[in-house]
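Visitor: Please put the structure up and take me through it. I will ask as we go.

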Amino acid sequence: MIPIYGIDDPGFDAALKKIVDRGAQAPAGVEETVSAIVAAVRQEGDAALFRYTARFDRLELSAQTIQVTSDEIERALAAVEPEALAALELAAERIAAYHEKQLTETWISKEEPDVHLGQLVQPLDKVGIYVPGGKASYPSSVLMNAIPAKVAGVGEVIMVVPMPDGEANPYVLAAAKIARVDRIFRIGGAQAVAALAYGTESVPRVDKITGPGNIYVATAKKQVFGQVDIDMIAGPSEILIINDGSGNPAHLAADLLSQAEHDEIASSILLTTDAAMARRVQAAVAEQLEQLPRAAIARKSIADYGAIIVTSDILEAIDFSNRIAPEHLELAVDEPFDLLDGIRHAGAVFLGHHTPEAAGDYLAGPNHTLPTGGTARFFSPLGVDDFIKKSSLVYFSRDGLQRLGDKIVTIAELEGLTAHARSVSIRLKKD
């Protein structure tokens with residue numbers, strides 16, 4: 001049963017610390033295991049990549065079979081039922097439309113006649129997206145990672161997806177086709193991340209790696225960061241709901257469970273100003289748990305990392321939420337837009353009683369790759385900006401350097417960098 005607390009209750013601080021710290025440290029041995037895999041793939045290329053794929057995915061690969069063929073993709077597309085295909089296509093359209101609004105352009109300012117300043121905006125050349133595979137089906141992850149990259153103008157989008165025992169998920173391949181992924185490799189785990197970061201004989205080296213994965217994938221992304229860019233280090237999923245006593249308790253319970261079914265260390269928190277609503281939601285969670293196919297996972301998540309917290313007022317709930325900086329924040333109140341000015345930190349905000357977090361996961365349009373574990377304090381959702389780079393543009397005419405050069409020389413000399421100063425002063429001499 002999901003526990004109910006008051007913020008001042010004895011034991012509440014310890015319960016909250018357990019929730020907040022649940023993804024802070026990788027299990028023992030993970031760092032060392034991943035380091036060995038990354039080093040082997042970096043040194044041996046395909047040989048290590050194929051060896052680890054055979055070991056972990058029970059799949060023998062070669063240079064000829066590692067890449068998914070166009071015929072396989074077309075067969076997957078044909079195997080997807082029309083209703084599912086239509087839903088994926090609609091989601092893709094909405095995701096593309098939303099991310100197109102994020103596009104920025106190169107600009108040059110000529111406010112000063114003798115000095116022009118600007119910014120050159122260019123897409124990355126190559127991006128790798130990681131998609132969980134096997135029996136799991138995450139076509140939404142394909143859409144959310146590949147479409148912003150394509151909108152940004154990335155030259156080539158490379159997808160890696162593990163296929164244990166050779167089993168390819170048709171929905172994932174169909175989503176890749178819809179999202180215009182350029183190449184797909186049937187590899188996963190830390191070895192796939194290393195292959196994308198360093199390149200092998202078969203897998204091209206990329207400039208950035210995005211997408212979710214298990215603890216080994218997340219750790220590998222952390223270890224190769226700097227060699228390539230990454231989106232973020234994703235932790236366990238989480239939802240926080242602010243409620244003013246209005247709405248349907250069954251809806252709130254369903255939203256809490258939508259995160260709890262992800263995995264055993266997902267976190268689901270409800271903040272409500274109404275103690276009676278807290279009890280009704282607690283009962284509804286218990287009732288709905290019995291109906292879930294993933295009940296065992298959700299039950300452990302709710303018991304270990306779930307909480308219903310009764311607050312004195314909405315302002316206290318908002319303050320608490322800002323301290324947590326949740327991945328998903330639902331404002332399940334009658335007037336949600338009235339609360340927005342108080343929200344400082346959240347990966348995504350879902351407003352009102354008819355906007356479940358799942359709408360954002362799949363079809364609304366904004367990206368579902370969000371900062372977790374309090375990192376919404378400084379990280380943003382995945383978007384077009386993650387797939388571009390910016391270069392500063394600086395132009396001085398002769399007159400511009402004559403006008404500002406003395407001050408440049410002064411600052412360079414303050415720092416004791418004589419050659420810097422001379423590179424300007426030598427140009428200030430009269431011919």
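Visitor: Is Glu-156 buried or exposed?
Guide: Glu-156 has a relative accessibility of 16%. The limits are under 20% for buried, over 50% for exposed, and partly exposed in between, using a 1.4 Å probe and protein chains only. Because 16% falls under that first limit, Glu-156 counts as buried.

Visitor: What sort of model is this?
Guide: Residues are numbered from 1 along each chain as its sequence is written, and side-chain values use heavy atoms, leaving out hydrogens and water. Local features need pLDDT of at least 70 and side-chain atom pairs count only at pLDDT 80 or more, while totals for chains, interfaces and linings use all residues, since the model is predicted.

Visitor: Which residue does Glu-156 meet in a salt bridge?
Guide: A salt bridge needs a side-chain nitrogen of Lys or Arg within 4 Å of a carboxyl oxygen of Asp or Glu. Glu-156 sits in strand β5 (residues 156-160), and its partner sits in strand β4 (residues 126-130), 30 residues apart. The partner is partly exposed, with a relative accessible area of 24%. The N to O distance is 3.1 Å, and the partner is Lys-126.

Visitor: How many helices and strands does the protein have?
Guide: Both are DSSP runs numbered from the N terminus: helices are H or I with at least four residues, strands are E with at least two. On that basis, the protein has 16 helices and 14 strands.

Visitor: How many residues apart in sequence are the parts tied together by Glu-74 and Lys-177?
Guide: These two side chains meet in a salt bridge at 3.0 Å, N to O. Glu-74 lies in helix α4 (residues 70-79) and Lys-177 in helix α7 (residues 170-178), so the pair ties together parts whose separation is 103 residues.

Visitor: Are Glu-74 and Lys-177 buried or partly exposed?
Guide: Glu-74 has 38% relative accessibility, and Lys-177 has 41%. Glu-74 therefore counts as partly exposed, and Lys-177 likewise counts as partly exposed.

Visitor: What is the distance between the closest N and O atoms of Lys-221 and Asp-231?
Guide: Lys-221 is in helix α9 (residues 215-224) and Asp-231 is in the loop between β8 (229-230) and β9 (238-243), so the pair ties together parts 10 residues apart in sequence. Lys-221 is buried at 4% relative accessible area, and Asp-231 is buried at 8%. They form a salt bridge, with the closest N and O atoms apart by 2.7 Å.

Visitor: How many salt bridges are found in the whole structure?
Guide: Some of them are linked: Glu-112, Asp-114 and Arg-403 are in a network of salt bridges. A search of the whole structure gives a total of 17.

Visitor: Which residue's backbone oxygen does the side chain of Lys-150 reach?
Guide: Lys-150 is in helix α6 (residues 139-152) and is buried, with a relative accessible area of 16%. Contact means heavy atoms within 4.5 Å, and beyond four places in sequence Lys-150 is in contact with residues including Val-157 and Asp-182. The backbone oxygen reached by its side chain, at 3.2 Å, belongs to Arg-180.

Visitor: How many residues are in the largest nonpolar core?
Guide: In soluble globular proteins, nonpolar side chains tend to be buried together. A nonpolar core is a set of buried Ala, Val, Leu, Ile, Met, Phe, Trp, Tyr and Cys residues joined through side-chain atoms within 4.5 Å. Leu-143, Met-159, Val-181, Ile-184 and Ile-187 touch the most other members of the largest core, and its number of residues is 69.

Visitor: Which helix gives the largest share of this core?
Guide: Apart from this core lies another, of 23 residues, among them Ile-7 and Leu-271. In the largest core, 8 residues come from one element, the largest share, and that element is α6.

Visitor: What accessible area do Leu-117, Val-394, Phe-396 and Ile-408 have together?
Guide: Patches take residues with over 30% relative accessible area and no salt bridge, joining like charges within 9 Å and nonpolar side chains (Val, Leu, Ile, Met, Phe, Trp, Tyr) within 5 Å. Ile-408, in helix α15 (residues 398-414), is partly exposed at 33%. Areas come from the Shrake-Rupley method with a 1.4 Å probe, and for residues only the protein chains shown count as cover. Together the four form a nonpolar surface patch of about 320 Å².

Conventions: Polar contact = N/O pair within 3.5 Å; in protein donor to acceptor, adjacent residues only side chain to side chain.
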